[in-house]
Amino acid sequence: MKNIIKKADIVLFIILVAIGIGLSVASFMLQSGGSKVVIAVDGKVYGTYSLNKEQTIEIEQNGHYNRVEIKDGHVQMMESSCDNQVCVMQGPISTHYIPIVCLPNKVVVEVLDDEE
């Protein structure tokens, strides 16, 4: 019976694994954290805050309430008056890839670089 796996198959597997690891490391290193937090309410900028300054922002509009906390270079939705609490459960963010969104209260929290 012939060998099912040949030396060339093993070499190809090792090359593909090395490429995958290399791409993962490169994408991790290219992730840039932002330096400011922009909060928008109903599509309008509510405020811009430094990601390096610890503070709590309370947003009250149209009978809705959100509390955003900036701490240790991360921003997180700590409280919300919405029913589903998805924005609170999302946890802290520090990069611009995924914003925190509270759809029922129309609040968006984004981390941006100074250039953006």
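The following dialogue examines how the descriptions of this predicted model are justified.

Biologist: How many helices and strands does the protein have, and in what pattern do they follow along the sequence?

Modeller: The secondary structure comes to two helices and seven strands. Read along the sequence, the pattern is α-β-β-β-β-β-α-β-β.

Biologist: What makes the protein more spread out than a compact globule?

Modeller: The radius of gyration is 21 Å, whereas the globule rule gives 13 Å for 116 residues. The value is well over that of the rule, so the protein is described as more spread out than a compact globule. In addition, the C-alpha trace spans about 75 × 30 × 25 Å along its principal axes, and buried residues make up 28% of the 116 residues.

Biologist: Which strands form the sheet that contains β1, and in what order?

Modeller: Four strands form an open sheet in the order β2-β1-β7-β6, with antiparallel pairing. β2 (44-50) and β6 (100-102) each have a single partner strand, so one side of each is left without a neighbour in the sheet, and they stand at the edges. The twist in this sheet averages 15° from one strand to the next.

Biologist: How do you know that β1 pairs with β2?

Modeller: Two strands count as paired if at least two bridges are found between them. Strand β1 (residues 36-41) and β2 are joined over six bridges in the antiparallel sense, so the criterion of at least two is met. Within this pair, Lys36 stands opposite Ser50 in β2. The two strands form a hairpin with two residues between them, and Asp42 in the turn has a positive phi of about 55°.

Biologist: What joins β1 to β7?

Modeller: Six bridges join β1 to strand β7 (residues 107-112), and the two strands run antiparallel. The bridge partner of Val41 in β7 is Val107.

Biologist: Why is β1 called largely enclosed by the rest of the structure?

Modeller: A residue is called buried when its relative accessible area is under 20%. Six of the six residues of β1 are buried, so the strand is largely enclosed by the rest of the structure. Lys36, Val38 and Ala40 point one way from β1, while Val37, Ile39 and Val41 point the other way, and all are buried.

Biologist: Why does Asp113 count as buried?

Modeller: The relative accessibility of Asp113 is 17%. The cut-off for a buried residue is under 20%, and Asp113 therefore counts as buried. Asp113 lies in the segment after β7. Its C-alpha atom and that of Thr95, 18 residues apart along the chain, are separated by 8.9 Å.

Biologist: Which strands form the sheet that contains β4, and which of them stand at the edges?

Modeller: Three strands form an open sheet in the order β3-β4-β5, again with antiparallel pairing. The edge strands are β3 (55-61) and β5, each of which pairs on one side only. The twist averages 20° from one strand to the next.

Biologist: What makes β4 and β5 a pair, and how are they connected?

Modeller: Six bridges join strand β4 (residues 64-71) to strand β5 (residues 74-80), which run antiparallel. The pairing criterion of at least two bridges is therefore satisfied. Ile70 stands opposite Val75 in β5, and the bridge partner of Val68 in β5 is Met77. β4 and β5 form a hairpin with two residues between them, and Asp72 in the turn has a positive phi of about 55°.

Biologist: Why is Asn62 called exposed?

Modeller: Exposed means over 50% relative accessible area. Asn62 has a relative accessibility of 72% and therefore counts as exposed. The place of Asn62 is in the loop between β3 and β4. Asn62 also has a positive phi of about 50° although it is not a glycine. Lys106, in the loop between β6 and β7, has a phi near 60°, a positive value in a residue other than glycine.

Biologist: Which residues make the nonpolar surface patch?

Modeller: The patch of about 810 Å² is made by Ile4, Ile5, Ile10, Phe13, Ile14, Val17, Ile21 and Val25. Residues of a patch need over 30% relative accessible area, and nonpolar side chains are joined within 5 Å. Ile21 has its place in helix α1 (residues 7-30).

Technical notes: Residues numbered from 1 in each chain as written. Predicted model: local features only at pLDDT ≥ 70, side-chain atom pairs only at ≥ 80, totals over all residues. Heavy atoms only, no water. Axes fitted to C-alpha atoms, helices over the stretch in contact; angles between N-to-C directions. Patch = residues over 30% accessible without salt bridge, like charges linked within 9 Å, V, L, I, M, F, W, Y side chains within 5 Å. Areas by Shrake-Rupley, 256 points an atom, 1.4 Å probe, with all protein chains shown as cover. Salt bridge = Lys/Arg side-chain N within 4 Å of Asp/Glu carboxyl O. Rg over C-alpha atoms; globule rule 2.2 N^0.38 Å. Buried < 20%, exposed > 50% of the residue type's maximum accessible area, 1.4 Å probe, protein only.
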